[in-house]
Amino acid sequence: MRYTNGGELLVAHLKSLGIDTVFGIVSVHNLPLVEAVDRHLRFVPVRHEATAVNAADGYGRARGSIGCALTSTGTGAGNAAGSLIEALSSGTAVLHITGQIESAYLGGGRGFIHETKDQLGMLRAVSAHAATVPSPQDAGRILREATAAALAAPGGPASVEWPIDLQYAAQQDTGEAAPTPDTPRPDAAELAAARELLASARRPLIWAGGGARRARPELLALLETTGAGLLSSNSGRGAVPEDHPLVLGNFATTPACRALLADADALVTIGTHFRSNETADYGLELPGAHIQIDVDEAALGRVYPARHALHGDAATVLPALTEAAARADTDWTARVTAVREDVRAALHEDIGPQAALCDALAAALPRGAVVARDVTIPSSSWGNRLLPVHDPRANIFPRGGGIGQGLGMGIGAALARPDQPTVVIAGDGGLAVHLGELLTTAQERPRLTLLVFNDGGYGVLRNMQDAYGARRSGVDLCTPDFARLATACSLPYARVAAPADAAPVLEAALAADGPTLVEVDLAALGPMKRPFTPPVKVPTA
(Lines give C-alpha, C1' and ligand atoms only; values in the text may rest on other atoms or scores of the structure.)
Protein backbone atom coordinates (compact mmCIF):
# COMPACT_ATOMS: atom_id res chain seq x y z
CA MET A 1 0.00 0.00 0.00
CA ARG A 2 1.09 3.58 -0.67
CA TYR A 3 0.11 6.58 1.46
CA THR A 4 0.71 10.25 0.73
CA ASN A 5 2.36 10.76 4.13
CA GLY A 6 2.79 9.22 7.57
CA GLY A 7 -0.45 10.67 8.83
CA GLU A 8 -2.49 8.78 6.28
CA LEU A 9 -0.65 5.57 7.16
CA LEU A 10 -1.29 6.15 10.88
CA VAL A 11 -5.01 6.71 10.28
CA ALA A 12 -5.25 3.47 8.31
CA HIS A 13 -3.55 1.63 11.15
CA LEU A 14 -5.80 3.17 13.82
CA LYS A 15 -8.92 2.32 11.82
CA SER A 16 -7.75 -1.30 11.66
CA LEU A 17 -7.70 -1.27 15.48
CA GLY A 18 -11.16 0.27 15.80
CA ILE A 19 -9.78 3.51 17.25
CA ASP A 20 -11.94 6.50 16.38
CA THR A 21 -10.59 9.08 18.85
CA VAL A 22 -6.99 10.22 19.45
CA PHE A 23 -5.71 12.50 22.20
CA GLY A 24 -2.75 14.85 21.92
CA ILE A 25 -1.16 18.25 21.45
CA VAL A 26 -0.28 19.57 18.02
CA SER A 27 3.32 20.54 17.31
CA VAL A 28 5.64 21.36 14.44
CA HIS A 29 7.05 17.88 14.98
CA ASN A 30 3.80 15.93 14.63
CA LEU A 31 1.75 18.16 12.31
CA PRO A 32 1.21 15.61 9.48
CA LEU A 33 -0.05 13.06 11.99
CA VAL A 34 -2.44 15.42 13.77
CA GLU A 35 -3.82 16.83 10.53
CA ALA A 36 -4.58 13.37 9.13
CA VAL A 37 -6.20 12.19 12.36
CA ASP A 38 -8.31 15.36 12.48
CA ARG A 39 -9.44 14.82 8.87
CA HIS A 40 -10.50 11.21 9.27
CA LEU A 41 -11.04 10.53 12.97
CA ARG A 42 -11.60 12.64 16.09
CA PHE A 43 -8.61 14.53 17.44
CA VAL A 44 -9.00 15.77 21.04
CA PRO A 45 -6.59 18.65 21.81
CA VAL A 46 -5.86 18.14 25.49
CA ARG A 47 -3.88 20.78 27.39
CA HIS A 48 -0.94 18.65 28.55
CA GLU A 49 0.92 15.69 27.09
CA ALA A 50 0.49 13.71 30.31
CA THR A 51 -3.26 13.98 29.85
CA ALA A 52 -2.97 12.77 26.25
CA VAL A 53 -1.57 9.47 27.52
CA ASN A 54 -3.99 9.30 30.49
CA ALA A 55 -6.96 9.90 28.19
CA ALA A 56 -5.74 7.30 25.68
CA ASP A 57 -5.26 4.94 28.62
CA GLY A 58 -8.80 5.56 29.90
CA TYR A 59 -10.21 5.20 26.36
CA GLY A 60 -8.50 1.82 25.95
CA ARG A 61 -9.52 0.55 29.38
CA ALA A 62 -13.16 1.55 28.89
CA ARG A 63 -13.25 -0.31 25.57
CA GLY A 64 -11.16 -3.23 26.74
CA SER A 65 -8.69 -2.59 23.92
CA ILE A 66 -6.12 0.12 23.12
CA GLY A 67 -5.94 3.91 22.92
CA CYS A 68 -3.66 6.31 21.05
CA ALA A 69 -1.85 9.48 22.15
CA LEU A 70 0.11 11.94 19.98
CA THR A 71 2.79 14.15 21.53
CA SER A 72 5.68 16.26 20.39
CA THR A 73 9.33 15.43 20.76
CA GLY A 74 11.74 16.50 23.52
CA THR A 75 9.89 18.24 26.34
CA GLY A 76 6.56 17.04 24.95
CA ALA A 77 7.65 13.41 25.09
CA GLY A 78 9.12 14.02 28.53
CA ASN A 79 5.83 15.45 29.76
CA ALA A 80 4.16 12.18 28.79
CA ALA A 81 6.61 10.04 30.78
CA GLY A 82 4.71 10.03 34.08
CA SER A 83 1.52 8.85 32.44
CA LEU A 84 3.43 6.20 30.49
CA ILE A 85 4.69 4.94 33.86
CA GLU A 86 1.06 4.61 34.97
CA ALA A 87 0.13 2.60 31.86
CA LEU A 88 3.24 0.44 32.39
CA SER A 89 2.34 -0.08 36.04
CA SER A 90 -1.19 -1.15 35.19
CA GLY A 91 -0.36 -3.13 32.06
CA THR A 92 -2.79 -1.15 29.92
CA ALA A 93 -2.39 -0.82 26.17
CA VAL A 94 -1.50 2.64 24.85
CA LEU A 95 0.03 3.42 21.47
CA HIS A 96 2.08 6.57 22.08
CA ILE A 97 3.31 8.30 18.93
CA THR A 98 5.77 11.11 19.49
CA GLY A 99 7.54 13.30 17.01
CA GLN A 100 11.28 13.49 16.51
CA ILE A 101 13.64 15.93 14.86
CA GLU A 102 14.73 15.44 11.26
CA SER A 103 16.39 12.08 10.76
CA ALA A 104 19.59 13.63 9.39
CA TYR A 105 20.23 15.34 12.74
CA LEU A 106 19.26 12.54 15.12
CA GLY A 107 21.90 12.04 17.79
CA GLY A 108 23.90 15.02 16.62
CA GLY A 109 23.55 17.03 19.82
CA ARG A 110 23.38 20.31 17.88
CA GLY A 111 20.57 21.80 19.93
CA PHE A 112 18.04 21.33 17.13
CA ILE A 113 14.67 22.73 18.24
CA HIS A 114 12.89 20.17 20.49
CA GLU A 115 15.94 17.90 20.46
CA THR A 116 16.70 15.94 23.62
CA LYS A 117 19.44 13.53 24.59
CA ASP A 118 18.55 9.88 23.99
CA GLN A 119 14.79 10.28 23.75
CA LEU A 120 14.46 6.62 22.76
CA GLY A 121 16.28 5.57 25.92
CA MET A 122 13.87 7.62 28.00
CA LEU A 123 10.89 6.04 26.23
CA ARG A 124 12.29 2.55 26.74
CA ALA A 125 12.55 3.22 30.47
CA VAL A 126 8.85 4.09 30.80
CA SER A 127 7.27 1.87 28.12
CA ALA A 128 6.83 -1.83 27.54
CA HIS A 129 8.17 -1.28 24.00
CA ALA A 130 9.82 1.63 22.21
CA ALA A 131 11.11 2.07 18.65
CA THR A 132 12.15 4.67 16.09
CA VAL A 133 10.74 4.85 12.58
CA PRO A 134 13.87 4.50 10.41
CA SER A 135 12.35 4.99 6.95
CA PRO A 136 9.03 5.45 5.09
CA GLN A 137 9.21 1.79 4.10
CA ASP A 138 9.37 0.64 7.74
CA ALA A 139 6.75 2.84 9.43
CA GLY A 140 3.84 0.44 8.99
CA ARG A 141 5.84 -2.47 10.36
CA ILE A 142 6.99 -0.38 13.34
CA LEU A 143 3.39 0.63 14.15
CA ARG A 144 2.14 -2.97 14.01
CA GLU A 145 4.99 -4.28 16.15
CA ALA A 146 4.37 -1.56 18.73
CA THR A 147 0.65 -2.30 18.83
CA ALA A 148 1.25 -6.03 19.21
CA ALA A 149 3.63 -5.37 22.11
CA ALA A 150 1.10 -3.09 23.84
CA LEU A 151 -1.68 -5.66 23.52
CA ALA A 152 0.37 -8.72 24.49
CA ALA A 153 -0.02 -9.90 28.09
CA PRO A 154 0.91 -8.53 30.57
CA GLY A 155 0.55 -5.38 28.41
CA GLY A 156 1.68 -1.79 28.70
CA PRO A 157 2.38 1.30 26.59
CA ALA A 158 4.32 1.17 23.34
CA SER A 159 6.09 4.34 22.21
CA VAL A 160 7.09 5.15 18.64
CA GLU A 161 9.22 8.19 17.80
CA TRP A 162 8.79 9.38 14.22
CA PRO A 163 11.23 11.87 12.64
CA ILE A 164 9.34 14.78 11.12
CA ASP A 165 10.83 14.44 7.64
CA LEU A 166 9.74 10.82 7.55
CA GLN A 167 6.22 11.83 8.61
CA TYR A 168 5.94 14.13 5.59
CA ALA A 169 7.37 11.53 3.20
CA ALA A 170 5.23 9.24 1.04
CA GLN A 171 4.90 5.85 2.73
CA GLN A 172 5.20 2.38 1.27
CA ASP A 173 3.82 -0.40 3.47
CA THR A 174 4.15 -4.09 2.67
CA GLY A 175 1.56 -4.95 5.35
CA GLU A 176 3.36 -7.92 6.92
CA ALA A 177 1.86 -8.91 10.27
CA ALA A 178 3.75 -8.48 13.53
CA PRO A 179 4.98 -11.73 15.09
CA THR A 180 2.65 -13.22 17.70
CA PRO A 181 4.29 -14.31 20.97
CA ASP A 182 3.79 -17.89 22.11
CA THR A 183 1.31 -18.38 24.96
CA PRO A 184 3.09 -19.97 27.93
CA ARG A 185 1.79 -23.24 29.35
CA PRO A 186 2.32 -24.39 32.91
CA ASP A 187 4.50 -27.33 33.82
CA ALA A 188 2.36 -30.49 33.61
CA ALA A 189 3.51 -31.82 36.99
CA GLU A 190 2.79 -28.51 38.72
CA LEU A 191 -0.66 -28.36 37.13
CA ALA A 192 -1.43 -31.93 38.20
CA ALA A 193 -0.38 -31.15 41.77
CA ALA A 194 -2.50 -28.00 41.80
CA ARG A 195 -5.51 -30.01 40.59
CA GLU A 196 -4.92 -32.53 43.37
CA LEU A 197 -4.82 -29.76 45.98
CA LEU A 198 -8.12 -28.27 44.80
CA ALA A 199 -9.73 -31.71 44.71
CA SER A 200 -9.08 -32.04 48.46
CA ALA A 201 -9.73 -28.41 49.52
CA ARG A 202 -12.86 -27.71 51.54
CA ARG A 203 -12.11 -24.12 52.58
CA PRO A 204 -10.82 -22.54 49.35
CA LEU A 205 -10.34 -18.87 48.51
CA ILE A 206 -9.55 -17.18 45.21
CA TRP A 207 -7.73 -13.85 44.72
CA ALA A 208 -8.28 -12.07 41.41
CA GLY A 209 -5.75 -9.50 40.21
CA GLY A 210 -5.63 -7.51 37.00
CA GLY A 211 -4.71 -10.64 35.04
CA ALA A 212 -8.13 -12.10 35.82
CA ARG A 213 -9.74 -9.50 33.56
CA ARG A 214 -8.74 -11.66 30.59
CA ALA A 215 -10.46 -14.76 32.03
CA ARG A 216 -13.83 -13.62 33.32
CA PRO A 217 -16.02 -16.62 32.29
CA GLU A 218 -13.35 -19.08 33.43
CA LEU A 219 -12.99 -17.35 36.81
CA LEU A 220 -16.75 -17.34 37.35
CA ALA A 221 -16.89 -21.06 36.56
CA LEU A 222 -14.21 -21.86 39.16
CA LEU A 223 -15.90 -19.65 41.75
CA GLU A 224 -19.33 -21.23 41.34
CA THR A 225 -17.99 -24.77 41.05
CA THR A 226 -16.10 -24.48 44.34
CA GLY A 227 -18.28 -22.09 46.37
CA ALA A 228 -15.03 -20.37 47.38
CA GLY A 229 -14.81 -16.73 48.40
CA LEU A 230 -13.34 -14.29 45.87
CA LEU A 231 -10.96 -11.63 47.13
CA SER A 232 -9.62 -9.10 44.65
CA SER A 233 -6.90 -6.59 44.29
CA ASN A 234 -7.99 -3.15 43.18
CA SER A 235 -7.07 -4.07 39.60
CA GLY A 236 -9.08 -7.29 39.67
CA ARG A 237 -12.35 -5.68 40.69
CA GLY A 238 -15.27 -6.50 38.42
CA ALA A 239 -13.68 -9.65 36.98
CA VAL A 240 -16.76 -11.18 38.60
CA PRO A 241 -19.57 -8.65 39.17
CA GLU A 242 -19.39 -7.43 42.75
CA ASP A 243 -23.03 -8.11 43.53
CA HIS A 244 -22.26 -11.84 43.27
CA PRO A 245 -22.76 -13.32 46.78
CA LEU A 246 -19.33 -15.01 46.79
CA VAL A 247 -17.36 -11.84 45.96
CA LEU A 248 -15.57 -10.57 49.06
CA GLY A 249 -13.81 -7.91 47.00
CA ASN A 250 -10.95 -5.60 47.81
CA PHE A 251 -11.08 -6.20 51.56
CA ALA A 252 -8.19 -8.64 52.08
CA THR A 253 -6.57 -6.67 54.91
CA THR A 254 -9.72 -6.34 57.03
CA PRO A 255 -9.75 -8.46 60.21
CA ALA A 256 -12.58 -10.67 58.96
CA CYS A 257 -10.84 -11.44 55.65
CA ARG A 258 -7.52 -12.02 57.41
CA ALA A 259 -9.31 -14.62 59.51
CA LEU A 260 -10.66 -16.29 56.37
CA LEU A 261 -7.14 -16.40 54.90
CA ALA A 262 -5.84 -17.91 58.13
CA ASP A 263 -8.43 -20.70 58.01
CA ALA A 264 -8.37 -21.38 54.24
CA ASP A 265 -6.89 -24.71 53.14
CA ALA A 266 -6.18 -23.51 49.57
CA LEU A 267 -5.72 -20.16 47.82
CA VAL A 268 -5.72 -19.64 44.05
CA THR A 269 -4.30 -16.28 42.97
CA ILE A 270 -4.65 -15.02 39.42
CA GLY A 271 -2.53 -12.31 37.80
CA THR A 272 -1.92 -10.14 40.87
CA HIS A 273 1.16 -8.16 41.88
CA PHE A 274 0.32 -8.26 45.63
CA ARG A 275 0.98 -4.52 45.85
CA SER A 276 2.19 -3.13 49.14
CA ASN A 277 -0.93 -1.04 49.74
CA GLU A 278 -3.14 -4.12 49.28
CA THR A 279 -1.13 -6.43 51.54
CA ALA A 280 -0.42 -4.05 54.48
CA ASP A 281 3.15 -3.58 53.27
CA TYR A 282 3.42 -7.37 52.79
CA GLY A 283 2.32 -7.98 56.37
CA LEU A 284 -0.78 -9.87 55.19
CA GLU A 285 -0.37 -13.62 55.72
CA LEU A 286 -1.45 -16.01 52.96
CA PRO A 287 -2.06 -19.75 53.23
CA GLY A 288 0.89 -22.01 52.53
CA ALA A 289 -1.29 -23.99 50.14
CA HIS A 290 -0.99 -21.29 47.46
CA ILE A 291 -1.58 -21.88 43.74
CA GLN A 292 -0.36 -18.87 41.76
CA ILE A 293 -1.26 -18.30 38.09
CA ASP A 294 0.50 -15.62 36.09
CA VAL A 295 1.41 -15.04 32.45
CA ASP A 296 4.50 -13.16 33.68
CA GLU A 297 6.95 -15.80 34.87
CA ALA A 298 8.88 -13.24 36.96
CA ALA A 299 5.76 -12.64 39.08
CA LEU A 300 5.57 -16.25 40.28
CA GLY A 301 6.76 -16.41 43.89
CA ARG A 302 8.10 -12.84 43.75
CA VAL A 303 6.12 -11.54 46.74
CA TYR A 304 4.63 -14.63 48.39
CA PRO A 305 5.83 -18.24 48.09
CA ALA A 306 3.74 -20.39 45.76
CA ARG A 307 3.40 -24.10 46.46
CA HIS A 308 2.32 -24.55 42.85
CA ALA A 309 3.48 -21.87 40.39
CA LEU A 310 1.56 -22.06 37.12
CA HIS A 311 3.12 -20.02 34.32
CA GLY A 312 0.34 -19.53 31.82
CA ASP A 313 -2.67 -17.62 30.61
CA ALA A 314 -5.49 -17.70 33.16
CA ALA A 315 -8.16 -18.35 30.53
CA THR A 316 -6.35 -21.58 29.62
CA VAL A 317 -5.27 -22.68 33.10
CA LEU A 318 -8.47 -22.06 35.08
CA PRO A 319 -10.65 -24.63 33.26
CA ALA A 320 -8.11 -27.33 34.06
CA LEU A 321 -8.37 -26.45 37.75
CA THR A 322 -12.17 -26.23 37.66
CA GLU A 323 -12.41 -29.77 36.25
CA ALA A 324 -10.69 -31.17 39.33
CA ALA A 325 -12.01 -28.83 42.03
CA ALA A 326 -14.28 -30.06 44.80
CA ARG A 327 -17.15 -28.19 46.42
CA ALA A 328 -16.38 -26.22 49.57
CA ASP A 329 -18.02 -27.11 52.85
CA THR A 330 -21.41 -25.43 53.14
CA ASP A 331 -20.49 -23.72 56.41
CA TRP A 332 -17.41 -22.22 54.70
CA THR A 333 -19.48 -20.78 51.86
CA ALA A 334 -21.97 -19.43 54.41
CA ARG A 335 -19.12 -17.79 56.32
CA VAL A 336 -17.84 -16.20 53.11
CA THR A 337 -21.22 -14.62 52.34
CA ALA A 338 -21.56 -13.37 55.92
CA VAL A 339 -18.08 -11.79 55.86
CA ARG A 340 -18.92 -10.16 52.54
CA GLU A 341 -21.86 -8.33 54.12
CA ASP A 342 -20.04 -7.53 57.36
CA VAL A 343 -16.99 -5.82 55.80
CA ARG A 344 -19.19 -3.66 53.60
CA ALA A 345 -21.46 -2.66 56.45
CA ALA A 346 -18.47 -1.72 58.61
CA LEU A 347 -16.94 0.48 55.91
CA HIS A 348 -20.31 2.07 55.16
CA GLU A 349 -20.57 3.03 58.81
CA ASP A 350 -16.98 4.33 59.00
CA ILE A 351 -17.31 6.80 56.12
CA GLY A 352 -20.17 8.65 57.76
CA PRO A 353 -21.86 11.26 55.58
CA GLN A 354 -19.90 10.22 52.47
CA ALA A 355 -21.95 7.01 52.44
CA ALA A 356 -24.79 9.05 50.95
CA LEU A 357 -22.63 9.79 47.89
CA CYS A 358 -21.58 6.15 47.51
CA ASP A 359 -25.19 5.00 47.77
CA ALA A 360 -26.44 7.65 45.33
CA LEU A 361 -23.82 6.74 42.73
CA ALA A 362 -24.55 3.02 43.06
CA ALA A 363 -28.27 3.69 42.60
CA ALA A 364 -28.07 6.20 39.75
CA LEU A 365 -25.31 4.79 37.52
CA PRO A 366 -26.18 2.29 34.78
CA ARG A 367 -24.68 -1.12 35.41
CA GLY A 368 -21.11 -1.18 34.09
CA ALA A 369 -20.78 2.61 33.73
CA VAL A 370 -17.25 3.94 34.22
CA VAL A 371 -16.19 5.58 37.46
CA ALA A 372 -12.68 7.02 37.01
CA ARG A 373 -11.14 7.54 40.43
CA ASP A 374 -8.19 9.81 41.04
CA VAL A 375 -6.00 9.26 44.09
CA THR A 376 -8.00 10.95 46.82
CA ILE A 377 -9.63 10.00 50.12
CA PRO A 378 -13.08 9.06 48.71
CA SER A 379 -11.44 6.88 46.08
CA SER A 380 -8.98 5.18 48.42
CA SER A 381 -11.43 4.66 51.28
CA TRP A 382 -14.76 3.69 49.65
CA GLY A 383 -14.48 4.20 45.87
CA ASN A 384 -11.93 1.39 45.58
CA ARG A 385 -13.90 -0.99 47.82
CA LEU A 386 -17.51 -0.17 48.59
CA LEU A 387 -18.75 1.42 45.36
CA PRO A 388 -19.67 -1.70 43.34
CA VAL A 389 -17.88 -2.59 40.10
CA HIS A 390 -19.60 -5.03 37.75
CA ASP A 391 -17.28 -4.85 34.72
CA PRO A 392 -13.47 -4.53 34.78
CA ARG A 393 -13.69 -2.03 31.91
CA ALA A 394 -15.51 0.30 34.31
CA ASN A 395 -12.75 0.06 36.92
CA ILE A 396 -10.47 2.97 35.97
CA PHE A 397 -7.98 4.47 38.43
CA PRO A 398 -4.24 5.23 38.59
CA ARG A 399 -2.85 1.86 39.63
CA GLY A 400 0.63 3.31 40.05
CA GLY A 401 -0.70 5.68 42.72
CA GLY A 402 0.04 8.98 40.92
CA ILE A 403 -2.21 11.91 41.79
CA GLY A 404 -3.94 14.09 39.20
CA GLN A 405 -4.58 11.53 36.46
CA GLY A 406 -8.27 10.83 37.07
CA LEU A 407 -9.81 13.60 34.97
CA GLY A 408 -7.75 12.72 31.89
CA MET A 409 -8.67 9.05 32.25
CA GLY A 410 -12.31 10.01 32.68
CA ILE A 411 -12.31 12.18 29.55
CA GLY A 412 -10.91 9.27 27.54
CA ALA A 413 -13.43 6.82 29.00
CA ALA A 414 -16.37 9.17 28.42
CA LEU A 415 -15.45 9.63 24.75
CA ALA A 416 -15.01 5.87 24.38
CA ARG A 417 -18.53 5.32 25.70
CA PRO A 418 -20.57 8.34 24.58
CA ASP A 419 -23.93 6.65 25.23
CA GLN A 420 -23.32 6.19 28.97
CA PRO A 421 -22.55 8.66 31.75
CA THR A 422 -19.01 8.63 33.17
CA VAL A 423 -18.13 9.81 36.66
CA VAL A 424 -14.75 11.15 37.82
CA ILE A 425 -13.96 11.18 41.53
CA ALA A 426 -11.22 13.72 42.24
CA GLY A 427 -9.93 15.81 45.10
CA ASP A 428 -9.25 19.52 44.89
CA GLY A 429 -5.50 18.87 45.20
CA GLY A 430 -5.40 16.24 42.45
CA LEU A 431 -7.60 18.27 40.12
CA ALA A 432 -5.23 21.23 40.40
CA VAL A 433 -2.43 19.15 38.84
CA HIS A 434 -4.19 19.33 35.47
CA LEU A 435 -6.72 22.10 35.99
CA GLY A 436 -6.41 23.04 32.31
CA GLU A 437 -8.28 19.88 31.38
CA LEU A 438 -11.46 21.58 32.55
CA LEU A 439 -11.11 23.49 29.28
CA THR A 440 -10.77 20.24 27.36
CA THR A 441 -13.93 19.03 29.10
CA ALA A 442 -15.77 22.23 28.19
CA GLN A 443 -14.57 22.06 24.57
CA GLU A 444 -15.29 18.38 23.91
CA ARG A 445 -18.43 18.19 26.10
CA PRO A 446 -18.31 14.50 27.05
CA ARG A 447 -21.12 13.04 29.14
CA LEU A 448 -19.02 13.33 32.28
CA THR A 449 -19.81 14.22 35.89
CA LEU A 450 -16.75 15.53 37.71
CA LEU A 451 -17.12 15.06 41.48
CA VAL A 452 -14.58 17.31 43.21
CA PHE A 453 -14.19 16.53 46.90
CA ASN A 454 -12.99 19.84 48.31
CA ASP A 455 -11.15 19.73 51.62
CA GLY A 456 -8.71 22.54 50.89
CA GLY A 457 -5.59 20.51 50.24
CA TYR A 458 -4.07 17.05 50.36
CA GLY A 459 -6.37 15.36 52.84
CA VAL A 460 -4.59 12.00 52.94
CA LEU A 461 -1.26 13.53 53.89
CA ARG A 462 -2.96 15.97 56.27
CA ASN A 463 -4.51 13.06 58.13
CA MET A 464 -1.13 11.32 58.32
CA GLN A 465 0.56 14.42 59.70
CA ASP A 466 -2.24 15.00 62.20
CA ALA A 467 -1.95 11.38 63.35
CA TYR A 468 1.83 11.14 63.59
CA GLY A 469 3.28 14.64 63.75
CA ALA A 470 3.10 17.92 65.60
CA ARG A 471 2.63 20.18 62.59
CA ARG A 472 1.37 20.25 58.99
CA SER A 473 3.72 20.72 56.08
CA GLY A 474 2.69 21.29 52.46
CA VAL A 475 -0.83 19.94 52.79
CA ASP A 476 -3.02 23.04 53.05
CA LEU A 477 -3.61 24.59 49.62
CA CYS A 478 -5.33 27.56 48.08
CA THR A 479 -8.54 26.22 46.55
CA PRO A 480 -10.54 28.00 43.83
CA ASP A 481 -14.14 29.04 44.08
CA PHE A 482 -15.45 26.10 42.08
CA ALA A 483 -18.74 27.75 41.20
CA ARG A 484 -16.95 30.69 39.61
CA LEU A 485 -14.36 28.40 38.03
CA ALA A 486 -17.11 26.34 36.41
CA THR A 487 -18.76 29.51 35.11
CA ALA A 488 -15.45 30.69 33.66
CA CYS A 489 -15.11 27.38 31.82
CA SER A 490 -18.77 27.33 30.68
CA LEU A 491 -19.46 24.20 32.73
CA PRO A 492 -22.69 23.55 34.63
CA TYR A 493 -22.12 23.52 38.41
CA ALA A 494 -23.81 21.92 41.41
CA ARG A 495 -22.88 21.52 45.08
CA VAL A 496 -23.33 18.80 47.67
CA ALA A 497 -23.20 20.19 51.20
CA ALA A 498 -25.36 17.65 53.06
CA PRO A 499 -26.17 13.94 52.70
CA ALA A 500 -29.66 14.79 51.47
CA ASP A 501 -28.15 16.67 48.50
CA ALA A 502 -26.35 13.63 47.11
CA ALA A 503 -29.13 11.75 45.34
CA PRO A 504 -30.91 14.67 43.61
CA VAL A 505 -27.68 16.40 42.56
CA LEU A 506 -26.11 13.25 41.16
CA GLU A 507 -29.28 12.08 39.43
CA ALA A 508 -29.53 15.42 37.62
CA ALA A 509 -25.85 15.49 36.68
CA LEU A 510 -25.88 11.92 35.36
CA ALA A 511 -28.99 12.60 33.32
CA ALA A 512 -27.37 15.54 31.52
CA ASP A 513 -26.09 15.03 27.98
CA GLY A 514 -22.85 16.91 28.69
CA PRO A 515 -20.41 17.63 31.52
CA THR A 516 -21.22 18.88 35.02
CA LEU A 517 -18.84 19.94 37.77
CA VAL A 518 -20.18 18.88 41.18
CA GLU A 519 -18.37 20.24 44.22
CA VAL A 520 -18.61 18.15 47.37
CA ASP A 521 -18.07 20.66 50.16
CA LEU A 522 -16.46 18.46 52.80
CA ALA A 523 -16.38 21.20 55.43
CA ALA A 524 -20.16 21.49 55.17
CA LEU A 525 -20.81 17.77 54.65
CA GLY A 526 -18.94 16.76 57.77
CA PRO A 527 -16.08 14.37 58.55
CA MET A 528 -15.89 10.63 58.23
CA LYS A 529 -16.35 8.77 61.51
CA ARG A 530 -12.81 7.45 61.15
CA PRO A 531 -10.22 9.69 59.40
CA PHE A 532 -8.64 7.87 56.47
CA THR A 533 -4.88 7.33 56.40
CA PRO A 534 -3.12 5.29 53.70
CA PRO A 535 -1.93 1.75 54.52
CA VAL A 536 1.76 2.68 54.77
CA LYS A 537 4.12 2.30 57.69
CA VAL A 538 5.32 5.44 59.43
CA PRO A 539 8.30 4.83 61.77
CA THR A 540 7.66 6.35 65.20
CA ALA A 541 9.89 6.64 68.23
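The following legends describe close-up views of a predicted model.

**View 1. The open six-stranded sheet of the predicted model.** The strands follow the order E3-E2-E4-E5-E7-E6, and their pairing is parallel. Strand E3 (42-45) and strand E6 (129-132) occupy the edges; each has a single partner strand, so one side of each is left without a neighbour in the sheet. From one strand to the next, the twist averages 20°.

**View 2. Pairing of strands E5 and E7.** Strand E5 (residues 94-100) runs parallel to strand E7 (residues 157-163), and seven bridges join the pair. His96 has Ser159 of E7 as its bridge partner. Strands of a sheet pair through backbone hydrogen bonds, in either a parallel or an antiparallel sense.

**View 3. Leu219 in the largest nonpolar core.** This core comprises 83 residues, and Leu219, Leu321 and Trp382 have the most contacts inside it. With neighbours within four places in sequence left aside, Leu219 contacts Ile206, Ala208, Ala212, Leu230, Ala239, Val240, Ile270 and Leu318. A second core, separate from this one, has 74 residues, among them Ala36, Val44, Val94 and Leu431.

**View 4. The surroundings of Glu8 in helix H1.** Helix H1 spans residues 6-16 and contains Glu8. The relative accessible area of Glu8 is 18%, which is under the 20% limit, and the residue is therefore classed as buried. When residues up to four places away in sequence are not counted, Glu8 touches Tyr3, Ala36, Arg39 and His40. Of these contacts, Ala36 is also included in the second core of 74 residues.

Terms used:
Residues are numbered from 1 along each chain as its sequence is written. This is a predicted model: local features need pLDDT of at least 70, side-chain atom pairs count only at pLDDT 80 or more; totals for chains, interfaces and linings use all residues. Side-chain values use heavy atoms; hydrogens and water are left out. Two strands pair if DSSP finds at least two bridges between them. Helices (H or I, at least four residues) and strands (E, at least two) are DSSP runs, numbered from the N terminus. Axes are lines fitted to C-alpha atoms, for helices over the stretch in contact, and angles run from 0 to 180 degrees between N-to-C directions. A nonpolar core is a set of buried Ala, Val, Leu, Ile, Met, Phe, Trp, Tyr and Cys residues joined through side-chain atoms within 4.5 Å. Buried means under 20% relative accessible area, exposed over 50%, partly exposed in between (1.4 Å probe, protein chains only). Contact means heavy atoms within 4.5 Å.
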